[in-house]
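Welcome, and thanks for opening the viewer. Let's walk through this model together, one selection at a time.

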Amino acid sequence: MVSFFQENKELLEETVSEEKTLSIYNLIMDGGIGGQIIIAILFILLAVGLYIYFERFFAIKAASKVDENFMDEIRGYVSNGKLDEAKSLCESKNSPTARLIKKGITRIGKPLEDINTAIETAGKLEVYQLEKNVSVLATIAGAAPMIGFLGTVIGMIVAIHEIANAGGQIDIKMLSDGLYTAMTTTVAGLIVGIIAYITYNHLVVRTDKVVYQMEAKSVEFLDLLNEPV
């Protein structure tokens, strides 16, 4: 009885030892050339997605910074007819909101509807700049899982091909390449897709906040022009 437990203990320890040596690298390499190509494509998509996220994140973060006293200073300059000073102030801020206000200041003296139209047009251009390349993240979020599932199909084809050529002697080891390809590519595709989806939605939320900020400041500027002298 003691020898039985000792033998099973040794077997368990060997199994645990083998499991510990199993790595992601080994899983990818054991998946065959098809799985490796799929994983490489997904890795490139992940790198591109992370680059776009961090580049846009810092750009949007910079665009959201507006001095709390900015509109008060603009109000003072416009009320006193110092339009050049107001333009200089907008240029020094170098933010989407400041550029919209500058566009409105350059139209002062024209009908209010023309000023509003000019600000709206400039606002669309600013939003376009904020959202630049963000749609690529959405594409990656949708394409990565499908690429992973493509790897799954390739892995199943490889496994079925091995079964067909086995001549009635099926061994799990001969199916391992196909199964590794199927599982690793599916997991990789889902991971990349989830990361891209989360980062995309985070950028959308932050962009919406900047757009709301621009709209609020634009309305405040138009109200300023409507105030009685």
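Begin with the whole protein chain in view: of its 229 residues, 31% count as buried. Keep in mind that this is a predicted model. Now colour the chain by secondary structure, and you should find nine helices and zero strands. Read from the N terminus on, the elements run α-α-α-α-α-α-α-α-α. If you can display contacts, look at those with a separation of 6 or more: residues 24 or more positions apart account for 77% of them in the protein chain.

Next, select helix α4, which covers residues 70-79. Which residues of α4 are buried? They are Phe70, Met71, Ile74 and Val78. Turn the view so that you look down the axis of α4: its buried residues fall within an arc of 85°, so they line one face of the helix. Then step along the chain to glycine 81, which follows α4 and has a positive phi, near 75°.

Now add helix α5, residues 83-93, to your selection. The axes of α4 and α5 come within 8 Å and cross at roughly 160°. Angles over 145 degrees count as roughly antiparallel, which makes α4 roughly antiparallel to α5. The crossing of α4 past α5 is left-handed.

Finally, show side chains where the two helices meet. On the α4 side, the contact is made by Phe70, Glu73, Ile74, Tyr77 and Val78. From α5 come Leu83, Glu85, Ala86, Leu89, Cys90 and Lys93. Colour this contact of α4 with α5 by class, and you will have eight nonpolar, no polar and three charged residues.

Technical notes: Residues are numbered from 1 along each chain as its sequence is written. This is a predicted model: local features need pLDDT of at least 70, side-chain atom pairs count only at pLDDT 80 or more; totals for chains, interfaces and linings use all residues. Side-chain values use heavy atoms; hydrogens and water are left out. Axes are lines fitted to C-alpha atoms, for helices over the stretch in contact, and angles run from 0 to 180 degrees between N-to-C directions. Helices (H or I, at least four residues) and strands (E, at least two) are DSSP runs, numbered from the N terminus. Angles under 35 degrees count as roughly parallel, over 145 as roughly antiparallel, 65 to 115 as roughly perpendicular and the rest as oblique. A crossing is left-handed if the near helix is turned anticlockwise from the far one by less than a right angle, and right-handed if clockwise. Contact means heavy atoms within 4.5 Å. Ala, Val, Leu, Ile, Met, Phe, Trp, Tyr, Cys and Pro count as nonpolar, Asp, Glu, Lys and Arg as charged, and the others, Gly among them, as polar. Buried means under 20% relative accessible area, exposed over 50%, partly exposed in between (1.4 Å probe, protein chains only). The arc is that of the directions from the helix axis to the C-beta atoms.
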